[in-house]
Amino acid sequence: MQHLNILAAQWVAPTIDYFGLAPELVLAGGLCIVLLVDLFIDERKKWLLSVISSFTLLAAMVPVLMLGLSETSVRSMFDGRYVVDNFSLVVKSLFLLAGYVVVLLSSSHIEQGEYWRGEYWFLLLTSLLGMLMMASSRDLVSIFVALEFLSIPAYMLAAWRKRDPKSNEAGVKYFMLGVFASAVMLYGMSLMYGVANSTLLTDIGAKVAATGEFSAVHALAVVFVIVGFAFKVSAVPFHTWAPDTYEGAPTPVTAFLSVASKAAGFVALVVLLYTAFPLAQDVWQPLIWVLSALTMTVGNVLALKQHNIVRMIAYSSISQGGFVLMPLAVAGLVGSGSTALRAVVLYMIVYAATNLGVFAIILAVSNKTRSGEISSYGGLFSYAPTLGVLMTIFLASLAGIPPLGGWIAKFVAFQSLIQSQSNWGYALALVGAVNSVIAFGYYGNVMREIWMRPVPDGDVTTISVPGSLRLALAITAGATLLFGVLPGVGLHFADLAEIAGAITR
Amino acid sequence: MNMLQENNWLLSVGTFLPMFGVVVLMLMPKAQDQAVKNVALITSIATLAVGIYTAFKFDFDQAEKLQFVADAQWISVIKSSYLIGVDGISLPLYLLSMIITLLVVIYSLDHVPNPGKPKAFFALLLVLQTGMAGTFIAQDLILFFVFFELVLLPMFFLIGVWGGEQRQYASIKFFLYTMFGSALMLVAFLALFFKTGAESFSIPYLIENGGSIAKNVQIWIFAGMFVGFAVKVPMFPFHTWLPDAHTQAPTQGSVILAAILLKLGTYGFVRIALPVLPDAAREWAPYIGGLAVIGIIYGALGCLAQTDMKRLIAFSSVAHMGFVMLGISTLTSFGVNAAMFGMVAHGLITGMLFFIAGSVKERYHTLEISKLGGMLTTMPRLGWIFGFCAMASLGLPGLAGFWGEFPAILSAYNPAEGLNQTVFRVFMVIAALGTVLAAGYLLWMFQRIAFGTAKDSSSHGHSSSDELHDVTTFEWIAWTPLLLGILVLGILPNLLFSVLDPAVQATLSVFGG
Amino acid sequence: MYVNQFLFLASVLFCIGVYGVIARKNAVLILMSIELILNSVNINLLTFALRNGSTDGHTFALYIIAVAAAEVGVGLGLVLLVYRNKKTISVDDLSEMRG
Amino acid sequence: MIAQNIGFWIIAVLMIVAALRVVTTNNVVHAALWLVVVLAGAAGQYILLAAEFVAITQVLVYIGAVMVLFLFGTMLTRARIGAESDLNNSYKKLGIPVGLIMLVAMGLALTRSFGAEKLPDSAKVVSTQEVSDQIFGPYLLPFWALSFVLLAAVIGAIVLARKD
Amino acid sequence: MNLFAKESEVLAPLATGWFLEHAWLIPVVPAIAFALIILIGKRLPMKGSELGVLSMVASLVLSAGAAYQWIQRVNSAAEEQFVTPVIKSWSWWQSGGLDFGIGQHIDGLSIVVLFVVAFISTLVQIYSLEYLRGDRRYTHFFAALTLFSGGMLAMVLADNMILFLLGWEIMGLCSFLLIGHWWEEDANSRAALKAFFTVRVGDIGLLVGISMLYFSANEWTQENLGVSGFSIRGISAWALSGEPNSTVIMIAAIALFIASIGKSGQFPLHTWLPDAMAGPTPVSSLLHSSTMVVAGVFLVARLYPVFFVGLDILGSGGNLIMIIGGITIVISAALAFVQNDIKRVLAYSTVSQLGYMMLGLGAGAWLPAVFHIFTHAFFKACLFLGAGSISHSASHHSFDMKRDMGGLRKVMPITFATWIISTLALCGVFPFSGFFSKDEIIDNVGNNGYNTFMIIGLLGAFMTAAYMTRATYLTFFGEPRGASAGHATHDAHDAHATHDAHAINDLHGPHESGLLITVPLMILSVLALGSGFLNATPFGESWERMKLWVEPRAIEVVVDAPSGGPGESLIVNLPSAEESHSKSVCGSATPETGVCYAPQLQHAKFKWSKAMISMAIVFLGIAISWIMSLLLFTKRDPRLVGLTQRVKVLGLGHNFLVKKYYLDHLYEKVIVHSVAHPISRAAYWFNQNILDGILHGFAKSTRTISDWVYKNVDQRVVDSTVNNSATFTKSVGTAAQPTQSGKVSQYGALLFSAAAIAALVLVIINT
C-alpha cells in the first residue's frame, strides 16, 4: 500500500499533448457549436447545421494530416493510455472521411423526415468523436468509455425516426444487444485487470498468455473481450442485431453503422489483439477463425434470401466483416502479424468507400421508388444509367472483382492467410474463396435487376440526385476505382498503419 | 530471362486506348447513337493500329524474348509490379483480340442487339478489349489476375442484357463458374508467391524459381491453377456454363467469348502453369490429356444431340479446346505450338461461325436446325461462307483449323520425357476419332441448314423473302478479315508458327526440350 | 477471505443477470437484469483492486457506474418511445423485422 | 477476518436471493425493490473490499438515481403495481442452460486460476483522494469523454422520450 | 543377289528438264484457277468454266511435258542404274524444332498418276461444258472440279505426308461438294455426308499412321538422309533399312491401310461409293471411278516399302491388303448384278476393280496394279461418261436401265461404240487395255504363289464380264423402254432434272449427244483400246514400256556384311513357285553403302496358256449373261422371270445382295443410329442432368443450405439454441411456442450462449 500514498502525494496535473489531441478537440468544438447554433437558428436555416458538421469533419482532418506529417511518429499521453500513432491517424482519417460522407448522405435525407436535425448532427458528431477516441485508446477504461461514447449516440440515432415503429425497434434491439455485449466485455476486462494489475494494454500484453498459472482465466477474459467487439463488428453469432437495426434505422444511420461503427469495432479488436493479447494467440486465433468462417458463410447464405435491399446489404456487410476477420485468424503466427494488420486496415478503407457508395445509391433510388425492395431496382439502368453503372461498380467491388477496390482488399486478406503457410490459413482461404463466389449470388442479383429486368412500375422518369449525394457518389466511386486500379495508394496507408507498442511476430 | 525494353509505351497504349474510348463514350449524351458508334469504331481502329505498329516493331528474330517490356511500380507493398511485355506466344493472341474487337464493333454498327442501348454496349465491348489485351501482355501474376477478371463483368452484362431468353440464368451461371475458378486460382497464385520466397509476382521470376518448390506442394498449387484455367477453357467437366453462355449471349458476345475469352484459360496454362510448375505439370499432364480427349469426344457427342445451331457450335468449342488442351498436355514444344495455333485458329473459325449463327438468327428468327434449311438457295453467299467455316472447323487441311488439330494429335504420339507414352498414344487415337465426329456433326449441321430447300416460312410469322437478304455490307467488312485469316493461316501456317515457335521452345525449356 | 468467494459471487450474479435478460420480456426488467451483470463486474474489479493493491479497479468501477447510469437513461428513453408508439414494452412484440 | 467473512456470506446469500427474485418476480415494482437489495448488498461488499468511495457512489447513483429512473420508467409505461403474468418470455427456461453453461465456464476458469488464493489480510481502505488522483491523473481523458457521453445521453434521451 | 533398288553413287548424270523441275506447277495452276473462278468466275462469258478447262489443259501439258522428260531421264540412265526421283522441297513451317516441308517428288508412279488425272480431268471438264449447261451452279461446279484436280495433283506429287494429307483431304471436301451438288434433294446431301463421313473414318488411320511413321522414322531420316520423317523418300528408305521395329511398322501400315480402305471404297467401307453416284455424272466419272478413289491405292503404292515390310508382302500366306482386295472384288461384283441403276452398276464395278489393284499390290504385283490404275481410268471414265451421255440425251436424266433404257444402240451409235470398247476393256478381253493390266495382276498373284487369290481374281473376271454384259444388254439391246422410248418424263430420279434449265432440250426424243460429249468419249475409248499396249507383256520385253519407265530399277550391290553389324543381310525365302531366290532386306543404315528405296519385285512370265484360260472364263461370263439377259428381259422366259420370288433360297440371296449385304443397315440403323441417337442422347442427358445437375444441385443445395440456415440458424437458434427443438420444450413441460424471430431475448440468448460455449471450450483447451 506504500506506493499508493506516494502516488497520491506526487500527484501532478498530467501533461497533455494538445497537438496530439487536436483532431478530437476540433471535433468536440464543432459539436458544441452545432448544439449551440441549433438553439438559436430558425427552422428554415437548419441546413446550416449540416454545413457546419461537414466542415467540422474536414477541419478535423487538418490536424490529422499535420500529425501525420509531423516528425514525432508516436505521441503518448497519460502514461501510454492514449497514443497517437500512425495506425490511429490512419483510422481517424478513415472515420472522419466516412463521417463526412455520412453527413453528405444525411443532409438531404433528414430534410425530408420529421427529424430533430440539430440533435441528429450533434449525436452523429459525438459518435464520431468516440471513434476518434477509440482509435487512440490504449487502456481498458479508455476503450470501454470510447466504446460507449460511440455506441450510445448510435443507439439513439438508430431510433431517430421516432414515429416509425421499425426505427424504434431498430434502436431498442441495437441498444439491448449492445448493452449485453458490453456487459460480457466488461466482465472480461475485469478479469484482465485482475491478472495484470493494470489497465494498460501493454502491461496486459506482457501478462496475458495462453499458458501459465492463469491461463484459464486468461482464456475466459480474452474470449469475453473479443465477444464484445465481435458484437460491434457483427460477427456471427453476435450479428443478430445487425439486419434488424440496419433495416429499421434511417438509411444514413445505417450507412454510418455499417461502416464507421463497424470499423471502430475492428480498430479496437486489432488494437487489443496486437497489444493486449499477443501471447494468447492460441486462444483467440481459433476463435477468430471460427467467427470468420461463420460470419462469411452465414452472412452470405442469409443475404441470398433477402428481398429488401438494405437488409441484403446488412447481411452482405456481415459477410464482409468475415473477410476482415480472416487475416486476424492467423495474425498471431510468425511473420503474419504485420500483413494481417495491413489487410484489415486496407479492407476497412476499401469497404468504407464502397459500402458508403452503395448507401448513397440506395438513398438516391429510394427517393424515387419509395421502396426498399430489391425488385424496385428493375430497369434502373434504363432510366438512370449513371446510378446503375455506379451501383454496379460498388457491388462488383464488394464482390471483389478486379479492377475495383474490393479485389485488392480481398487479395491482401488472402495473401496474409496464405503467407502464414499454416493449414488453418489455407483452410480459411478456401472457405473465403468459396464464399466470395457465393457472394456474387446476391450482388449479381441486384445487378441483374438493374440491367436486365424491366422497370416494375413502368415509371421511367429520371431520378434527380441532390448535390450532396452527387458529391458523396463522386467521392466513393472515385475511391473505389482508385483503390482498385492503383492499389498501391490504399496499401500505402494500410502499410503505414503500425500500432505503437504492438507485439507482432 | 533477358527482356527488350525499347518502345515500352506501346503495349500500355494499345491496352488502355479502349478505356480512353470508354471515357469518351461515358461523357457523350445518350441519344447520339451514331456518334457513339463512331467513337467505338475509331477507338477500336486506333487500337488495332497501335497493335499493328507493335507487331511492326516486334523483333521477330528474338520472338522468344519478352519485348516492349515496361516495369513500373504498382503495388510495391505486395511486391507486385506493372510488368508487361509480349513474346511470340502473347503477340498473336494480343493482336487477335484487337482484330476481333474491331470486327465485332464493325458488325455491331448495324446489329446492336435488343434492347439497344448502343452506348453501354460499345462501352462494354471496349472494356472487354482492355481486359483481354491486358491478360495477354501481363507478366505479373497479380496484373494477370486483374485483367483476367476484368473481362468477367462486361461479359456478364453482354450476356445478361443483350442475350436471349434465358440470358439472366446464363449470365449468372457464367459468372459464378468463372469466379469460382479464379478464386481458387488466386489462392494458388498466392501460395506460389510464398513458396518461392515471397520475392516477386513476376512471371519470369517465378519461372526461374518455381521449379524448386517441393513436388507435392507444386501439385496442390497446380490444382488451384488448373481449376481456374480449366473453367475458363472450358475443360470437361467444368464446361457446363459454356453452352448456356454461348447460346444466350448476343452474337457479339459469343464471338468474343469463343474467339478470345476461352483462350485466356489455355494461355494461362502455357504462360504460367506449365513453366512455373514443371514437376506438377508432369504429374498432371496425363489427367489433363485424359480430360482433354474426354472433352473432345464428349463435346462431339454433345454437338450431335443438339437441335439448336448456336448451342451446337458452342459444344464444338468444348471439343476443339480439347484438342488444344491435348497439345498442351504433351508438354512438348511441338504440342504446345499446335495448341497455340489451335487457339488462334479456333478463335477465327468459331468466332466466324458465331457471326453466322447471329446472322441466321437475325434472318430466320430461330436457330432450331430443323426449322432452317436451303440456305444455299435462299442466301448462297451466307451458305457458302458457312460451309467454308464448317470445313475449316472440322480441320480440313489447307485451312487454319487443321494446323491446330493435326499437330496436336501428332504430338500426343510422342509426349515429353517422363510421360507415359502408351497412355498418350491411346489419347491420340481417341482424339483422331474425335476428328471424325467433328466432321460428322459439322457436316450434318451444314447439310441440314444449307442444303435442301427452304422450309416453310409460316413457322416464323415474318415474310421470309424480305428478311432473307444475303450478306450485308457490314457483315462483309466484318467477316472478310476472318475468312482471309482462316485461309491464309491455313496455307501459310508458318506465319504464326515462326512467331510462336521460339517463344514456346523457350517457355518449355524447363521440360528439357 | 478467498479471492474466489467474491469472484464466485460475481459470477453467480452475472449468470442470474444472463438468465434475466433471456427470460424477461418486459424491457424495464431486462434493464434491471443488466444492472445485475454490471454490478457483478464491479465486484470483480474491486476484488482485484484489493488483491492487487491498486486503485485502478476503483476508478474503473466508477466509470462503469457512470456509464451504466447513462445507459439506463438512454434505455428508458427508448422504452418510453416504444411505449408511445406501440403501447407495450414487451420486447417480444418488437419483432416486426426478422429473417 | 472472521467477522468480515460472516458478513460476506450473509450479504452474499441475501444478494443472490434478491437477484433471483429480481429475475423471477411477477411484479415489476417488486423486482425494482429486490434490485435495491442487491445493489445495497453490493455496496456492502464494496466496503468489505475496502472501497468506501465506490460503495458510497453505488448507493448514491444506483439506489438514489437509477432506481428512481426505473420506477419512473415503470410508472410512465403504466405498468400495473401488482403482479403481472406476462413479464416473462414463453421460452424463459432457455435462460437456465445458458446461465449454467456460463457459470460452468466462469467457475472452471476461476477455480483453475485462483484456486485457494487469499486476499491480503491488512486491507487498507482506499481513500477518496487516491481515487480522485487517478481520475484526474491518468484517467482524465475518459472523464472528459464521459461528460460528452452523458450529454449525448441526456439530449438524445430527451429527444426520444419527449412527445412531439 | 540384291533384290532392292538402291540409290548409291550416281553412275551417270541423269537427264532432267524444265518440266520435271517445275512439276510443282501442275497443281498450282488449278489452285489458282479455282481461286479465280470463285472470285470472278460468274462475271466471265462462260461463267468460269473456261478457266477450269484452260487450267486443266495447262496441267495436262505440264504433266505431259514432265512425262516426256521423265522418259528421257530414264533413258539417260545407265542399265541397272537407279533413276533418282526429282525431289524438291521447301520449308513450309517450323514448330517445336520440327520442320515441315512442301515440295514435289517426281518418279514414275507420280508421273503416271499425274498424267492420268490431268488427262481425265481435262476431258471431263470439256464434257461437263455440255452436260451441265444451264445448271444454276455451273460456276460452283467448275470451281469444285478444278479444286479437286488441284488437290489430287498435289497429293500425287507430294514429297511428304503432310502435303499428301492436304491433297487427300481437299479431295474429300470436293467429293462432298460435288456429290451434294444438287443439294436440294435430301438424298443427295445425305449421300455427300455419308461419303465424307465414311472416308473420314478411314482418315483416322492416315493421321495415326503418319504420326507413327513420323516419330519412328524421323531420327533415322534426319541422320541419314537429312530429311524429315514426313518425307516419302525418307519413310521408304527407313522402312527398308532394317531399322524399324516390326510391330510399329505393322501398326502404321495397318493404320494407313484403313485410310486406303475408306478412300478406295474397299470392303467394309465401300458403301459410300455407290451412294456417291448421286452426284452429277461427270463427277462420278472423274472422282468416283478414275481418279479420287484410286487415291487409296495410290497411297499403298506410294509408301509401298512400308506396307511391304509392315504387312509382310510376299510373305507366306496372305496379307491384309490381299485379303481385303480379294473380298472386295467378289462382293462388289456380286452386288453389281442386282443394280438397276446403270451408274450403280459401274460404281460397284469400280469398287471391284479397285479390289484388283489392292490385290495386286498385296501380292507384290506393284507394276501391274499401277498399270491397272492407268488403264482403268480410261475405260471406266469412258463408261461413266457414256452413261451420262445416255441420261443426258436419251433417258430424261434417268439412270434406271430397266425402266428407261433399252435398244439405244441405234439412237446413240457413238455412245454405243465407245461403251462396247470400254466394256470389253473392263472385262479384260484381248487386246483391250484391261486385258494387259488385269490379267497381269491375276497372273502375278498366281506367280507369287497365292493360288487362292488367283482363283478369286478369275472369278471376279467372270463376274465382271457377266454383269457388264447384263448392263450392256439392258441399255443398248432389246426394246426401248420408258424415257428412251420417248415417253414423257415420269418422276425421273436423277435429281438434276428438276433443276436444270436444259430440261427444255429434252422435249424431243432420244438422240445422240453433242460433240462436247462424244469427243471425250471417243478419245477415251481410243485409250481404252490402246493404252494397254504401253505394257503389253505378251509381245515381249521391248513392249514393257511401263515397267521401264515406272518401276524403280534395281542395281546390283554387293552387300558387305561385317559380321553381326548392321550391314548384315537377312535372308528370307521367297514363296515363289518359279524359282527360289533369296530376298534380302537392306540392313545398311548409312548412305555410304547405299540406301534402299524400293523393294525389288519379280514379274511373272507371260504365258498364252494362262491368258487363254482367263479369256475363256471372260467369254463364258459374257455368254451366260447374254443368254440370261435375253431370256429374262426380252423373251421374258417364264422359267426365269420371278425366279427369285419362287425359289426361296435364291430369293434370299437376291434380297441379300439388294440390301448390300445389310451392311448399310448395320451402319445406318445400328451404328449411326446408336451413335447419333441413343449414345449422344445419353451423353447429352448425362450432360444436362448429371453434370449440369451437379451444378444445379450445388446451386440448389446452396439455396437449400441457405434455406436451412435461414430457418434453423437464424430463426430456430435465435428462437433458442436448444430450446426451440420440440423435445427440449417438452422436457421442461411448457407448450412449444410457434417459431418466432426478431426477438431481443432470443438474440441475447444466442449472444450469451455463444460467448459461454466459446469460453468453455477455450478455457478447457488452454489449461
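**Chains D and C in contact, then chain A**

The contact between these two chains takes 74 residues from chain D and 62 residues from chain C. Keep in mind that this is a predicted model.

Which elements of chain D give two or more residues to the side that touches chain C? Six helices of chain D do. They are H1 (2–24), H2 (28–48), H3 (52–76), H4 (95–114), H5 (128–135) and H6 (140–161). H3(D) gives the most, with twelve residues.

Now the chemistry of that side. On chain D, where it touches chain C, 54 residues are nonpolar. Another 15 are polar, and five are charged.

Next, how chain D is divided. Domain 1 covers 2–126, and domain 2 covers 127–164. The C-alpha centres of these two domains of chain D lie 24 Å apart.

On to chain A. Chain A has 20 helices and two strands. Its radius of gyration is 22 Å, and the globule rule gives 23 Å for 505 residues. Those two values are close, so chain A is as compact as a globular protein of that length. Along its principal axes, the C-alpha trace of chain A spans about 80 × 60 × 45 Å.

How much of chain A is buried? Of the 505 residues in chain A, 72% are buried.

Last, the contacts within chain A. Take those with a separation of 6 or more. Residues 24 or more positions apart account for 81% of them.

To recap. On chain D, H3(D) gives the most to the side that touches chain C. Chain A is as compact as a globular protein of its length, because its radius of gyration is close to the value from the globule rule.

How values were computed. Residues are numbered from 1 along each chain as its sequence is written. Chains are lettered from A and ligands numbered from 1 in the order in which they are written. This is a predicted model: local features need pLDDT of at least 70, side-chain atom pairs count only at pLDDT 80 or more; totals for chains, interfaces and linings use all residues. Domain bounds come from an automatic or database domain assignment. Two residues are in contact if their C-beta atoms, placed from the backbone, lie within 7 Å. Helices (H or I, at least four residues) and strands (E, at least two) are DSSP runs, numbered from the N terminus. Ala, Val, Leu, Ile, Met, Phe, Trp, Tyr, Cys and Pro count as nonpolar, Asp, Glu, Lys and Arg as charged, and the others, Gly among them, as polar. The radius of gyration is taken over C-alpha atoms; the globule rule is 2.2 Å times the number of residues to the power 0.38. A residue is buried if 20 or more other C-beta atoms lie within 10 Å of its own, exposed if 12 or fewer, and partly exposed in between; C-beta atoms are placed from the backbone.
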